[in-house]
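Subject: Structure handover

Hello,

Here is the structure for you to pick up. Please load it before reading on.

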Amino acid sequence: MKNSIGPKPLLLTNPVLIVGSYDPSGKPNAMNAAWGGIANSNPPCVSVSLRKATYTHGNIMNRKAFTISIPSEKYVKEADYFGMKSGKDTDKFESARLTPVRSEKVDAPYVGEFPVVLECTLLHYLELGSHTHFIGEIVDIKVDEECINEAGLPDITKVLPFCFDLSSRSYYGIGKKLDKAFDPSVLQTFATGAR
Ligand SMILES: Cc1cc2nc3c(=O)[nH]c(=O)nc-3n(C[C@H](O)[C@H](O)[C@H](O)COP(=O)(O)O)c2cc1C
């Protein structure tokens, strides 16, 4: 039997996305956003939902651009810090001792030490209630050389991203590989009733 626990913004595996933006004076800022994900394939788009009270919200509205830096496990404390302090009164990059790097393609900074970065221009936004849903077009992705596989894509076992769990207010790593996705043999298995 399942118990009803009521409506909540709960998905169990939320990505940890560090959203980079510039404030009106050009100061780089970064915040932690777990309400987000890939929103479209062509053009490639990503979404993040931000409260108006965040400094980042106004920054994105002004500059029409943001980045998403994906932290590795070893930066879990820095990522958490980015989610508790506001750039309104703090230089979070300086306090976290991380390096703001100006994006090549968009008017926003990213976190130099984090292995994967999405550079985004603001395509749409939608007011949903507590949060504004920002949709950014991904104009480029930058990946640390040592985290790129033979196919030229990020290797998740080297990047070591982590996710946020709302129920326990905790971060979890990726765990072990379970199986291949889009595996044609799965179609055969279920067609023949072998499982
Ligand atoms: C794990 C985690 C996830 C968060 N996700 C979001 C989110 O998706 N949207 C949001 O508005 N705030 C989120 N926050 C809170 C912001 O990161 C926080 O308010 C931050 O101080 C905003 O920074 P800023 O004012 O410099 O933009 C999250 C915080 C944590 C720790």
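Below is what was found in it, from confidence and overall form to the ligand shell and the strands.

**Confidence.** This is a predicted model. The average pLDDT is 98, and 100% of the residues score at least 70. Among the elements, strand 2 (residues 17–22) has the highest mean pLDDT, 99. Helix 5 (residues 184–191) has the lowest, 96.

**Overall form.** The protein has 5 helices and 12 strands. Its C-alpha atoms fill a box of roughly 65 × 45 × 30 Å along the principal axes. The radius of gyration is 18 Å. A compact globule of 195 residues would come out near 16 Å, so the value agrees with that rule. Buried residues make up 31% of the 195. Take the contacts with a separation of 6 or more: 59% of them join residues 24 or more positions apart.

**Ligand shell.** The ligand has 21 residues around it. Which come nearest? They are Trp35, Thr56, Gly83, Ser86 and Gly87. Three elements give two or more residues to this shell: strand 3 (28–33), strand 5 (45–51) and helix 1 (55–63). Strand 3 gives the most, with 4 residues. By class, the shell holds 8 nonpolar, 9 polar and 4 charged residues.

**Strands 2 and 3.** Strand 3 deserves a second look. Is it mostly covered or mostly open? Mostly covered: 5 of its 6 residues are buried. Strand 3 runs antiparallel to strand 2, and 6 bridges join the two. Within this pair, Val19 stands opposite Met31 of strand 3. The two strands form a hairpin, with 5 residues between them. In the turn, Gly26 has a positive phi of about 95 degrees.

**The 1-11-12 sheet.** Another 3 strands form an open sheet, in the order 1-11-12, with antiparallel pairing. Strand 1 (14–15) and strand 12 (170–172) stand at its edges. Each has a single partner strand, so one side of each is left without a neighbour in the sheet. Strand 11 (residues 163–165) is joined to strand 12 by 3 bridges. Here Asp165 stands opposite Ser170 of strand 12.

**Where to start reading.** Strand 3 links two of these topics: it gives the most residues to the ligand shell, and it pairs with strand 2 in the hairpin.

Best wishes

How values were computed. Residues numbered from 1 in each chain as written. Predicted model: local features only at pLDDT ≥ 70, side-chain atom pairs only at ≥ 80, totals over all residues. Rg over C-alpha atoms; globule rule 2.2 N^0.38 Å. Buried ≥ 20, exposed ≤ 12 C-beta atoms within 10 Å, placed from the backbone. Contact = placed C-beta atoms within 7 Å. Near = placed C-beta within 6 Å. Nonpolar A, V, L, I, M, F, W, Y, C, P; charged D, E, K, R; others polar. Pairing = 2+ DSSP bridges. pLDDT = per-residue confidence, 0-100.
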